[in-house]
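Colleague: Got a minute? I'd like to go through the empty spaces in this protein with you.

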Amino acid sequence: MKKQIYILFMAVLCAISLTGCGNDNEQSKNSTKKTDSGKINLVVWGSEEDEALMKQIIESFQTQYKDQADFQITFAAQGESNCKDALIAELEKGADVFTFADDQLNALAAAGALLPIENADNIKQEHLPRAVEAASVGDTLYAYPLTADNGYFLYYNKKYFTPKDVESLDNMMKIAKKNKKHITMDWSSAWYVYSFFGNTGLEIGLNEDGITNYCTWNKKDADVNGVDVAEAMLNISRNPGFTTRKDEDFLAGVENGSVIAGISGVWNSVAVTKIWGKNTGAAKLPTYTCDGRQIQMASFSGCKLIGVNAYSKNHKWASKLAEWITNEANQKLRFEMRGQGPSNKKTAASAEIQNSPAIAALLEQTEFSHLQRVGGKFWEPVASFAKNISKGNPKNENLQKQLDKMVEDVTAR
C-alpha cells in the first residue's frame, strides 16, 4: 500500500515538474522572440513637409514594438502626386510603406504594387465611408486611409472681406482691385481648373477600362457650353484683382501682403493662420459669372492613403507600420502638426477638429465636390489650355478650337 502511494506521489511530482518545464520553454520562446525576428529594415516614403511628423510617428512605433524586433526604419521624401510612377518604375526596390493620393489607387492595384489589407473589416469600421471608398477597388481594401481632406476651399483675410463678400468671386475681385491686392488660384494645375467645369453639367470621368477618359468640356449644345466656361475664365484672368499662382507663391503673397484671398487646401492651414492670425477666414468656394448667371465653383475631393508594397521583404511589419501611421492617435497628431483632416471617425468627431475653420470650410464645400477619378491624360491638356487662358489668350486663338484640342488629348487612347 505504501509502495502504491509512493508511486502515485512520484507521478504527481513528475507531472508538476513537466508543467514547470513547459513554462520554462514558453518563457524561453518569449525571451528569444526579439532575436528570432532579427533586423527589420523598412523604407517609408512621404511628402517632404511630413518629415518631422513621420519621424515622430516612426519613433513611437519603434518604441511600441521594441521588444519584438530590431528596427532600421528610414524615411525618404517622395511627392505623393507622383508616387505611383516612382514605385512602379522599380517595384522591388521601392518603399515598403508609402503615402499617395487616392487617384493613383487603381493603377497601383492593377500593377500588383499594393498588398490588400488583411484586417479590412476592422479598418473599414474605423474610418469614414468616403475614405474607405477612396481606398478600395470594388470590395477590396487596398490601402489604409490617412486623410479625408484632399480637396480645396477658399482662404480669405477678414480684414478685407465679410462672410457675405466671399460668396461671389466678382465681389471679391472688386474688393481686391480697390485695395490693389489679389485673389489667387493655381491654373497651372488641372486639379483646380476642374472648379469651373464641375457644376456646369459638362462631364469628365473614367471609361470602363479604368484608364482612359471621357470628356464633354467642349460641348456646343448644352445648357452651359464649353465656350461659356472658357469665356468666363478669360474674363477672370483679365481682372486686375485676380492672379494665378502656385501654392508656394500663394503663401508668399499671404506673407508679403499682396494676397488677401486664395484657393488652396488644409495643408496650408497652419501657415496661413500663423500669418493672418485672428483675421484668418475660410469658406466654401464662391460662385462665378458664366453665361450671365452665377455658378457655384466645384472641387475635386479625395484622400491621402498609406500603401504597403506587395514586394516588401518585411510586409507583415510594413502592414503594422502602415496601420500605426493611420491610427486614431497619429491622425490627431497629424492634425496638430500639419492641420490635415483625419479619416479616422473618432478623430474626425473630436471638438478640436470640428472647430477648425479650414475643416469646416472643406465640409461646407463637400456638397459641391466630386471624388477625383480621371486617367493620366487629363492633367497636361487641361493645364495647357488653362495656362493660355490665364495669360489672356494672347494670340486670340479660337476658344472652341482650343477646347476641342484639349478634349481630344484628354480622351486619347
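Modeller: Sure. On a 1 Å grid over the protein atoms alone, a pocket is an open set of points with protein on both sides within 12 Å along at least five of seven lines, while in a cavity a 1.4 Å probe fits but cannot get out. Lining residues have an atom within 4 Å of a point. Points are joined across faces, edges and corners, and a volume is the space filled by probe spheres set on them.

Colleague: How much space lies in the largest pocket?

Modeller: About 1600 Å³. It has 46 lining residues, and the closest to its centre are Glu80, Ser81, Asn82, Ala101 and Gln104.

Colleague: Is this model predicted, and what's the numbering?

Modeller: It's a predicted model: local features need pLDDT of at least 70, side-chain atom pairs count only at pLDDT 80 or more, and totals for chains, interfaces and linings use all residues. Residues are numbered from 1 along each chain as its sequence is written, and side-chain values use heavy atoms, leaving out hydrogens and water.

Colleague: What about the second largest pocket, how much space lies there?

Modeller: About 380 Å³. Of its 25 lining residues, Ala148, Asp149, Leu362, Leu363 and Thr366 lie nearest the centre.

Colleague: And how many cavities of 30 Å³ or more does the structure hold?

Modeller: 1. The largest cavity has a volume of about 30 Å³.

Colleague: Which residues line the largest cavity?

Modeller: Among them are Thr184, Tyr192, Arg245 and Phe250.
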